[in-house]
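Please open the structure in your viewer and keep the selection panel at hand. The stops below are meant to be taken in order.

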Amino acid sequence: MTQATYHIATTADAADVGRVLSRSYPALLALDYTPDELDHLLPVMTTAQPDLLSCGTYWIARVDGKAAAVGGCTVVAPGTGAIEPGVAHVRHVGTDPGYLRLGLARALMGRAMDQMRALGVGRLTCLSTRTGVPFYAALGFVAIQSVEVPLAKGVTFSAVEMSMPLSSV
């Protein structure tokens with residue numbers, strides 16, 4: 001595995017997070033979404049979200065100082081702001097295509113899962129892109145159902161709701 005460093009992202013990382021998402025999503029989602037769908041989705045999905053950068057549970061992986069992967073979990077549900085005790089939600093995971101298959105996203109998610117366990121979370125949910133389903137399945141998530149996720153006014157995308165128990169072991 002490539003030597004990487006991992007840290008909690010902050011607002012100072014906004015440009016790097018946006019750069020990873022802007023490289024990751026257009027390249028990887030093109031396999032499972034039409035160009036028309038991507039035209040609507042990408043402006044929303046490739047923007048670093050200030051609430052994630054200030055939540056203390058969103059991570060960034062760097063290789064040789066360069067941002068390579070991002071993602072994390074929050075106890076606040078995306079879109080609704082609801083909080084359900086014991087449940088956390090995977091948020092905005094992406095890997096720069098130049099760093100795929102190096103284990104960065106898996107290691108990043110491992111840190112996020114450990115952090116959620118320490119917070120007493122017993123179940124993780126995920127609204128995965130169709131492209132991300134195999135990645136999350138390899139982590140132990142199970143597909144629940146296909147859903148349409150509202151991202152912004154008039155913008156939705158087809159996703160797969162996934163869930164996994166998060167054991168304290």
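Does Arg 101 count as buried or exposed? Keep in mind that this is a predicted model, and then select Arg 101, which counts as exposed because its relative accessibility is 84%, above the 50% cut-off. Arg 101 sits in the loop between strand E4 (87-95) and helix H4 (104-118), and its phi is near 65°, a positive value in a residue other than glycine.

Select next Asp 64, in the loop between strand E2 (58-63) and strand E3 (66-74). The phi of Asp 64, near 50°, is again positive in a residue other than glycine, and Asp 64 counts as exposed, at 80% relative accessibility.

Now go to helix H4 and display its C-alpha atoms. The 15 residues of H4 should span 21 Å at 1.5 Å a residue, and the C-alpha atoms at its ends are 21 Å apart, so the two values agree. Colouring H4 by accessibility will show a set of buried residues, made up of Leu 104, Ala 105, Ala 107, Leu 108, Met 109, Ala 112, Met 113, Gln 115 and Met 116. An α-helix has 3.6 residues a turn, so residues three or four places apart point the same way. Just after H4, stop at Gly 120, where phi takes a positive value of about 85°.

From the helix, move to the largest nonpolar core, which has 29 residues; select Tyr 6, Cys 73, Val 90, Leu 104, Leu 124, Tyr 136 and Phe 141, the members that touch the most other members. At least two residues of this core are supplied by each of E2, E3, E4, H4, strand E5 (123-128), helix H5 (133-139) and E7, and the largest share, seven residues, comes from H4. Another core, of 23 residues, lies apart from this one, and Ala 9, Leu 29, Leu 52 and Leu 53 are among its members.

The last selection is Ser 163, in strand E7 (residues 155-165). Ser 163 is buried, because its relative accessible area of 13% is under the 20% cut-off. Which residues surround Ser 163, once its neighbours within four places in sequence are left aside? Ser 163 is then in contact with Arg 123, Leu 124, Thr 125, Gly 140, Phe 141, Val 142 and Ile 144. For a closer view, draw the distance from the side chain of Ser 163 to the backbone oxygen of Leu 124, which the side chain reaches at 3.4 Å.

Definitions and conventions:
Residues are numbered from 1 along each chain as its sequence is written. This is a predicted model: local features need pLDDT of at least 70, side-chain atom pairs count only at pLDDT 80 or more; totals for chains, interfaces and linings use all residues. Side-chain values use heavy atoms; hydrogens and water are left out. Helices (H or I, at least four residues) and strands (E, at least two) are DSSP runs, numbered from the N terminus. Buried means under 20% relative accessible area, exposed over 50%, partly exposed in between (1.4 Å probe, protein chains only). A polar contact is a pair of N or O atoms within 3.5 Å; within protein, one must be able to donate a hydrogen and the other to accept it, and residues adjacent in sequence count only if both atoms are side-chain atoms. Contact means heavy atoms within 4.5 Å. The expected span of a helix is 1.5 Å times one less than its number of residues. A nonpolar core is a set of buried Ala, Val, Leu, Ile, Met, Phe, Trp, Tyr and Cys residues joined through side-chain atoms within 4.5 Å.
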